[in-house]
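Thank you all for coming. I would like to walk through one model this morning, going from a single residue to some of the helices and then to the core, so please keep the structure open while I talk.

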Amino acid sequence: MPKVSQAHLAARRQQIIDAARTRFATDGFARTSMPDIVRASGLSTGAIYRYFKGKDEIVAAICEQSSQAFPAELTAEAVQDFLEHIRTLAREEGHARLVAQIYAEAAVSPSLAALVDHQLDELRAAVVALLPGDDPARAGRIAETFVALCQGYSQQLAVRGDVDPAPYTAALVAIIQS
């Protein structure tokens with residue numbers, strides 16, 4: 001029996017994650033079954049279970065791949081670009097709906113909650129690193145608010161559809177400059 005390359009294994013795993021991401025964003029976590037993911041991926045049931053024990057592991061893998069195009073600076077233009085990126089992901093990939101599903105599941109899954117909390121900690125740390133000055137308490141408050149407002153914008157996109165980021169940009173810039 002020939003050996004399967006690591007690249008092939010990685011591609012199959014990604015195929016499963018991509019199929020699940022699409023189904024979760026479209027139908028929700030609770031209404032997506034493992035057979036739905038099998039059908040969407042085009043792979044066999046055995047192939048899916050070779051990589052993941054169940055939906056929880058797939059959701060964790062999706063979270064681990066999460067990467068936002070976080071701004072390199074906290075200027076009005078950079079913040080606007082960041083929110084436009086979130087908006088584009090919501091329109092083109094259903095990302096905001098997917099994030100809403102993950103947050104809902106994290107509310108009842110301690111292991112997923114820990115993963116999401118870790119990612120939020122990383123985002124807050126990224127904001128703190130971009131803030132000038134030496135008052136760590138102030139930087140922490142700004143970072144907490146910045147991340148919460150970005151998450152709120154994502155939730156608005158999930159529920160309301162295409163939402164203009166301009167008011168969110170203005171609010172974030174005001175918070176940063178306060």
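**From one residue to the core**

Let me begin with R138, which is found in helix α8, and let me say at once that what we are looking at is a predicted model. With a relative accessible area of 25%, R138 counts as partly exposed, because buried would require a value under 20% and exposed one over 50%. Leaving aside neighbours within four places in sequence, R138 is in contact with I176, Q177 and S178. For the last of these, the separation between R138 and S178 is 40 residues in sequence, while their C-alpha atoms lie 9.8 Å apart in space.

Now to the N-terminal helices. Helix α1 covers residues 6-27, and since a rise of 1.5 Å a residue would have its 22 residues span 32 Å, the 31 Å between its end C-alpha atoms agrees with that expectation. Which residues of α1 are buried? They are L9, I16, I17, A19, A20, R21, F24 and A25, and the elements that cover them include α2 (34-41), α3 (45-51), α4 (55-65), α5 (76-93) and α6 (95-106). After α1 comes G28, with a positive phi near 90 degrees.

Helix α2 can be described in a similar way: M34, D36, I37, V38 and S41 are its buried residues, and these pack against α1, α3 and α4. What follows α2 is G42, and its phi is positive as well, near 80 degrees.

Turning to a helix pair, the axes of α4 and α6 come within 11 Å of one another and cross at roughly 125 degrees, which makes α4 oblique to α6. On the α4 side the contact is made by D56, V59, I62 and C63, and on the α6 side by L98, I102 and E105. As for handedness, α4 passes α6 in a left-handed crossing.

That leaves the core. The largest nonpolar core has 50 residues, and within it the residues with the most contacts are F24, I58 and L83. The element that gives the most to this core is helix α8, residues 136-160, which supplies nine residues; this is the helix in which R138 is found. If we look at I58 in detail, and do not count residues up to four places away in sequence, I58 touches I16, A20, F24, M34, I37 and F52. Of these partners, I16, A20 and F24 are among the buried residues of α1, whereas M34 and I37 are among those of α2.

How values were computed:
Residues are numbered from 1 along each chain as its sequence is written. This is a predicted model: local features need pLDDT of at least 70, side-chain atom pairs count only at pLDDT 80 or more; totals for chains, interfaces and linings use all residues. Side-chain values use heavy atoms; hydrogens and water are left out. A nonpolar core is a set of buried Ala, Val, Leu, Ile, Met, Phe, Trp, Tyr and Cys residues joined through side-chain atoms within 4.5 Å. Buried means under 20% relative accessible area, exposed over 50%, partly exposed in between (1.4 Å probe, protein chains only). Helices (H or I, at least four residues) and strands (E, at least two) are DSSP runs, numbered from the N terminus. Contact means heavy atoms within 4.5 Å. The expected span of a helix is 1.5 Å times one less than its number of residues. Axes are lines fitted to C-alpha atoms, for helices over the stretch in contact, and angles run from 0 to 180 degrees between N-to-C directions. Angles under 35 degrees count as roughly parallel, over 145 as roughly antiparallel, 65 to 115 as roughly perpendicular and the rest as oblique. A crossing is left-handed if the near helix is turned anticlockwise from the far one by less than a right angle, and right-handed if clockwise.
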